[in-house]
Amino acid sequence: MRELTPLCWQLLLLSTLVYCSLGQGGASLSVSPDRSQFFELESVSLSCEVQGNSAGWRLKRSTVSGERSDCGRKWGKTEGSSCIVTLILADSGVYWCESGSGAHSNAVNITVHAVAVILESPALPVTEGDSVTLRCRYQGTPSDLTAVFYKDGSLIRAETTGEMTIPAVSKSDEGLYKCNNSEGESPESWMTVTGPTPIPPPAVPVLSMSLPRLLCSLLVGSPYLLVTIILLVKGCRSRTQGDRVEEE
């Protein structure tokens, strides 16, 4: 195995530090409650779930008026890792997480309506095989009136409970949904259906890890151990060079 020069060690350590600082994955935006339509003055909690280092990730939005800004500036209140928004009509727009390097999470559409009826459908994509419930919600009382549901403009069915459950969604269920009841009709919302989550591969043995990933683990878990190893390697190189000089 070719011996690493001091410059190689420095570059390797620098690349490891950069690797660790950027994290080892992306981010996803979570929404609670998970729906895309809201009445005015309802609250929604938005969070950036980051794999690896979460520093530098911000929650951003672009509204229908063209405004683009971060949570906590002109809208929303930061609470821990979440952004809480008490919604008004001007809050309708696209929301996402963004890192300082420009990486993006998934984007979510949030719409706020001054109407009597909304459709509660998932804002986040749903996975094939999952059970999904759509609710036709009236702002007044009672909120669960008999409702009729539509997909892509075609009648699906009526439900006396005001909600419709799809026991196991498939890709064919993806589309534009709306509902109506005796108090009015909801706006339309798009429901996205994705394939099943792939089974992750078996855990990779430590010995087969890439060198930057291994050094990153060492640096985070035991920086003193990593420094000791480096000093020992350099010491061995110096001793080898000294022995060669004495032999000459």
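**Notebook: the L59 core, S43 and H113**

I began with L59 and, setting aside its neighbours within four places in sequence, I found it in contact with L29, L46, C48, S69, D70, C71, W75, C83, W96 and C97. I note at once that this is a predicted model.

I then looked up the largest nonpolar core, which has 21 residues, and within it L46 and L59 touch the most other members. The elements that contribute two or more residues to this core are β1 (27-32), β3 (43-50), β7 (82-86), β8 (93-98) and β9. Apart from this core I recorded another, of 17 residues, which includes V117, V132, Y138 and F149.

Next I turned to S43, which I located in strand β3. I entered S43 as partly exposed because its relative accessibility is 41%, between the 20% and 50% limits. Leaving out neighbours within four places in sequence, I listed P33, F38, V85 and T86 as the contacts of S43, and for T86 I also noted a polar contact of 3.5 Å that joins its side chain to the side chain of S43. I checked S43 against G76 as well: the two are 33 residues apart in sequence, and their C-alpha atoms are 9.8 Å apart in space.

My last entry concerns H113, which lies in strand β9 (residues 108-113). Its relative accessibility is 17%, so I counted H113 as buried, the limit being under 20%. With neighbours within four places in sequence again left aside, I found H113 in contact with Q37, F38, F39, E40, L89, I118 and P187.

Notes: Residues numbered from 1 in each chain as written. Predicted model: local features only at pLDDT ≥ 70, side-chain atom pairs only at ≥ 80, totals over all residues. Heavy atoms only, no water. Helix = DSSP H or I, 4+ residues; strand = E, 2+ residues; numbered from the N terminus. Buried < 20%, exposed > 50% of the residue type's maximum accessible area, 1.4 Å probe, protein only. Contact = heavy atoms within 4.5 Å. Core = buried A, V, L, I, M, F, W, Y, C linked by side-chain atoms within 4.5 Å. Polar contact = N/O pair within 3.5 Å; in protein donor to acceptor, adjacent residues only side chain to side chain.
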